[in-house]
Amino acid sequence: MKKTLLQKMPPRKKEVNEVDITSLLDVLVILLVFLLSVYSSSPFEVELAEDLTLPFSSSQKFGSQAPVIQVDKYRNIWLDKDNIGTIDFDDSSEHIDFLALSLEKIKAQREKEEEGRSPKRSTASNARDNDRKRINILLDENLPYEVIQKIMHTSALEGFNEFKLIVQGGQ
C-alpha cells in the first residue's frame, strides 16, 4: 500500500497563543469615560433668564436644538444667551426690529455654514430645512398675549415659523 503525503507527516501539536487584551481594555475604558461625559438625560437644556418664570404643563415632549428666545416679566428679550433688548410698553407695532436683526444674523450664519456642504438634495437635507425654521420660545407666565404675538410674528417674518413653546414640566 502506498502512503499518501498526509499520512507520512507526523501530526502537529496545536499551540495555544495567549492574547494580550490589555490594550483593548484601555481603549474600552477610554470610550466608556468619553460616552459618560457626553451623555445627557435630556436632549434639550436651556439656561433660564433671571426674572423668567415658566408656566406649567403636563407635556412630555422636549424642545429641539434651535435658537432660543426668552422673555422675562420685564419684557427683556434674550436670544440664546445674549440680552438683545427690551420691548417698549408703548410700542403698538407688531414687529420687533432688534429681534428681527438678531434672527437675520443667525439665519445668515447658518446659510454660511451650509455653503460648504454638498448641494445634493435628500431627505436629510429636507429635515435640515425644517430644523432651520424651528425656534424655541420661553415666556414668563405673566406676559400679555400682545407680547407673545409680537415675538411669534417677528420670528415668522424672519423665516422661523415653527414654534416650540417651552414650559415647566408637570409636577
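**Exercise 1. Identify the residues that form the nonpolar patch on the surface, and place one of them in the secondary structure.**

Solution. The nonpolar surface patch consists of Val19, Ile21, Leu24, Leu25, Val27, Leu28, Leu31, Phe34, Leu35 and Val38, which together have about 960 Å² of accessible area. As one of these residues, leucine 24 can be placed in helix 2. Helix 2 spans residues 22-38. The model examined here and in the following exercises is a predicted one.

**Exercise 2. Describe the overall make-up of the protein chain: how many helices and strands does the chain have, and in what order do they run?**

Solution. Begin with the count: the protein chain has five helices and seven strands. Next, read the order from the N terminus, which is α-α-β-β-β-β-α-α-β-α-β-β. Then turn to burial: of the 171 residues, 26% are buried. The accessible surface amounts to about 13,300 Å², and carbon and sulfur atoms account for 54% of this surface. Finally, consider the contacts between residues at least 6 apart in sequence: 64% of them join residues at least 24 apart.

**Exercise 3. Determine whether lysine 150 is buried or exposed, and state which residues it contacts.**

Solution. First, locate the residue: lysine 150 belongs to helix 5, residues 145-157. Second, apply the cut-off, by which a residue is buried under 20% relative accessible area. Because its relative accessible area is 11%, lysine 150 is buried. Third, list its contacts: when neighbours within four places in sequence are set aside, lysine 150 touches Ile87, Asp88, Asp91, Ser92, Ser93, Glu94 and Ile96.

Of these partners, aspartate 91 sits in the loop between strand 4 (82-86) and helix 3 (97-115). With a relative accessibility of 32%, aspartate 91 is partly exposed. Asp91 also takes part in a negative surface patch, together with Asp88, Asp90 and Asp97.

**Exercise 4. State how many salt bridges are counted, and explain what the pair of glutamate 162 and arginine 134 ties together.**

Solution. The count is one salt bridge. In the pair of glutamate 162 and arginine 134, the closest N and O atoms are 3.6 Å apart. Glutamate 162 lies in strand 6 (residues 162-166) and arginine 134 in strand 5 (residues 134-139), so the bridge ties together parts 28 residues apart in sequence. As for exposure, glutamate 162 is partly exposed at 29% relative accessibility, and arginine 134 is likewise partly exposed at 30%.

**Exercise 5. Locate glutamate 47 and name its contacts.**

Solution. Glutamate 47 is in the loop between helix 2 (22-38) and strand 1 (56-57). The cut-off for an exposed residue is over 50% relative accessible area; with 59% relative accessibility, glutamate 47 is therefore exposed. Apart from neighbours within four places in sequence, glutamate 47 contacts Gln70 and Lys81. Glutamine 70 is 23 residues away from glutamate 47 in sequence, and their C-alpha atoms are 9.8 Å apart.

**Exercise 6. For arginine 75 and aspartate 80, give the phi value, the place in the chain and the degree of burial.**

Solution. Take arginine 75 to begin with: its phi is near 70 degrees, a positive value in a residue other than glycine. Arginine 75 is in the loop between strand 2 (68-71) and strand 3 (76-79), and it is buried at 13% relative accessibility.

Now take aspartate 80, which is not a glycine and yet has a positive phi of about 55 degrees. Its place is in the loop between strand 3 and strand 4. Aspartate 80 is partly exposed, with a relative accessibility of 36%.

Definitions and conventions
Residues are numbered from 1 along each chain as its sequence is written. This is a predicted model: local features need pLDDT of at least 70, side-chain atom pairs count only at pLDDT 80 or more; totals for chains, interfaces and linings use all residues. Side-chain values use heavy atoms; hydrogens and water are left out. Helices (H or I, at least four residues) and strands (E, at least two) are DSSP runs, numbered from the N terminus. Buried means under 20% relative accessible area, exposed over 50%, partly exposed in between (1.4 Å probe, protein chains only). Contact means heavy atoms within 4.5 Å. Accessible areas come from the Shrake-Rupley method with a 1.4 Å probe; for residues, only the protein chains shown count as cover. A salt bridge is a side-chain nitrogen of Lys or Arg within 4 Å of a carboxyl oxygen of Asp or Glu. Patches are made of residues with over 30% relative accessible area and no salt bridge: like charges are joined within 9 Å, nonpolar side chains (Val, Leu, Ile, Met, Phe, Trp, Tyr) within 5 Å. Lys and Arg count as positive and Asp and Glu as negative; His and the chain ends are not counted. The place of a charge is taken as NZ of Lys, CZ of Arg, CG of Asp or CD of Glu.
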